[in-house]
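Please look over the sequence and the model below before reading on. The report that follows takes up a pocket, the nonpolar cores, a few single residues and some helix ends.

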Amino acid sequence: CVHLGERECSVQTVRHQKVVEEAPSVSLSASTRRRMGDAAVKAARAVGYANAGTVEFIYTPDGDFYFMEMNTRIQVEHPVTEAVTGVDLVQWQIRVAAGERLAFGQKDVDWRGHAIECRVTAQDPSRGFAPSPGRISDVQLPGGLGVRVDTQIYPNYVVPSFYDSNLAKVIVWAPDREQAIRRMQRCLNEMTVEGIPTNIPFLQT
């Protein structure tokens with residue numbers, strides 16, 4: 001059982017939906033990061049958990065953290081962990097479920113650089129993030145070095161009103177946080193989704 005570091009998920013909408021995630025967190029000291037990772041591993045081992053999962057904590061201004069819940073699955077923001085560790089979480093989830101043992105230990109996990117993910121959603125920030133289903137007339141996606149876009153949308157794609165409003169995940173990696181922020185800003189400026197309101201203007205701020 002190993003941990004792959006933390007993800008900071010504090011930027012949320014008025015409905016407590018995560019919209020920006022990054023790794024590593026700029027809030028944690030090295031010692032807190034170690035304690036939090038050790039606590040997550042201890043929790044998984046205590047219940048005999050076998051597979052990918054996410055242990056969620058609340059971090060307080062005085063440096064303490066408290067257990068919230070454990071999500072026994074891959075989460076939407078897993079690409080930022082993949083970006084900074086180089087570990088394919090989906091692949092290892094499947095391999096472990098098939099009975100394989102991890103081919104690496106805690107000492108083999110190496111964190112490099114900084115990653116940020118922005119969730120582009122079919123929501124209208126000017127109307128309190130109200131859902132905005134409908135037909136997408138055109139899509140232009142960003143790309144380039146250190147950029148990953150996970151999406152299902154295309155021109156003439158119809159956004160249904162029955163499911164999650166997520167349209168795309170824009171993930172960037174860079175050697176440090178400042179460069180990652182600049183790279184994300186460039187991606188959001190390049191990205192267009194026409195035909196329905198989206199939260200791109202909110203993310204650009």
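## The second largest pocket

In this predicted model, the second largest pocket holds about 340 Å³ of space. Its lining is made of 15 residues, and those that lie nearest its centre are V20, C118, I181, L203 and T205. By character, the residues of this lining divide into nine nonpolar, four polar and two charged.

Several elements share in the lining of the second largest pocket: β2 (18-23), β5 (114-121), α4 and α5 (200-204) each supply at least two residues. The largest share comes from α4, which gives six residues to the lining.

## The nonpolar cores

The largest nonpolar core has 26 residues, of which I136, L167 and V193 touch the most other members. The elements that give two or more residues to this core are β2, β5, β12 (166-174), α4 and α5, and the largest share, five residues, comes from β12. Apart from this core lies another one, of eight residues, and I74, V87, W92 and V109 are among them.

With its neighbours within four places in sequence left aside, V193 is in contact with I136, D138, I153, L167, T198 and I200. I136 and L167, which appear among these contacts, are also named with V193 as the residues of the largest core that touch the most other members.

## M184 in helix α4

M184 is found in helix α4, which covers residues 177-190. Because its relative accessible area is 4%, M184 counts as buried, the cut-off for that term being under 20%.

If residues up to four places away in sequence are not counted, M184 touches I116, E117, C118, V170, I171 and V172. One of these contacts, C118, is also one of the residues nearest the centre of the second largest pocket. From C-alpha to C-alpha, M184 and A174 are 9.8 Å apart in space, while in sequence they are ten residues apart.

## K18 in strand β2

Is K18, a residue of strand β2, buried or exposed? K18 has a relative accessible area of 18% and is therefore buried, since the term applies to values under 20%.

The side chains of K18 and E77 are joined by a polar contact of 3.2 Å. Leaving aside neighbours within four places in sequence, the residues in contact with K18 are C9, V11, Q12, E56, Q75, E77 and R119, so that E77 appears in this list as well as in the polar contact.

## Helix α2 and its cover

Helix α2, made of residues 78-85, is mostly covered, with seven of its eight residues buried. The buried residues of α2 are H78, P79, V80, T81, E82, V84 and T85.

What covers these buried residues includes β2, α3, β5, β10 (147-151) and β12. Two of the strands in this cover, β2 and β5, also supply residues to the lining of the second largest pocket.

## Turns and a cap around α2 and α3

Helix α2 is followed by G86, which has a positive phi near 75 degrees. At the N-terminal end of helix α3 (residues 89-97), D88 acts as a cap, with a side-chain oxygen that lies 3.3 Å from the backbone nitrogen of V90. Just after α3 comes G99, and this glycine takes a positive phi of about 105 degrees.

Conventions
Residues numbered from 1 in each chain as written. Predicted model: local features only at pLDDT ≥ 70, side-chain atom pairs only at ≥ 80, totals over all residues. Heavy atoms only, no water. Helix = DSSP H or I, 4+ residues; strand = E, 2+ residues; numbered from the N terminus. Buried < 20%, exposed > 50% of the residue type's maximum accessible area, 1.4 Å probe, protein only. Contact = heavy atoms within 4.5 Å. Polar contact = N/O pair within 3.5 Å; in protein donor to acceptor, adjacent residues only side chain to side chain. 1 Å grid on protein atoms, 1.4 Å probe; cavity = no way out; pocket = protein on both sides within 12 Å on 5 of 7 lines; lining within 4 Å. Points joined across faces, edges and corners; volume = space filled by probe spheres on them. Nonpolar A, V, L, I, M, F, W, Y, C, P; charged D, E, K, R; others polar. Core = buried A, V, L, I, M, F, W, Y, C linked by side-chain atoms within 4.5 Å.
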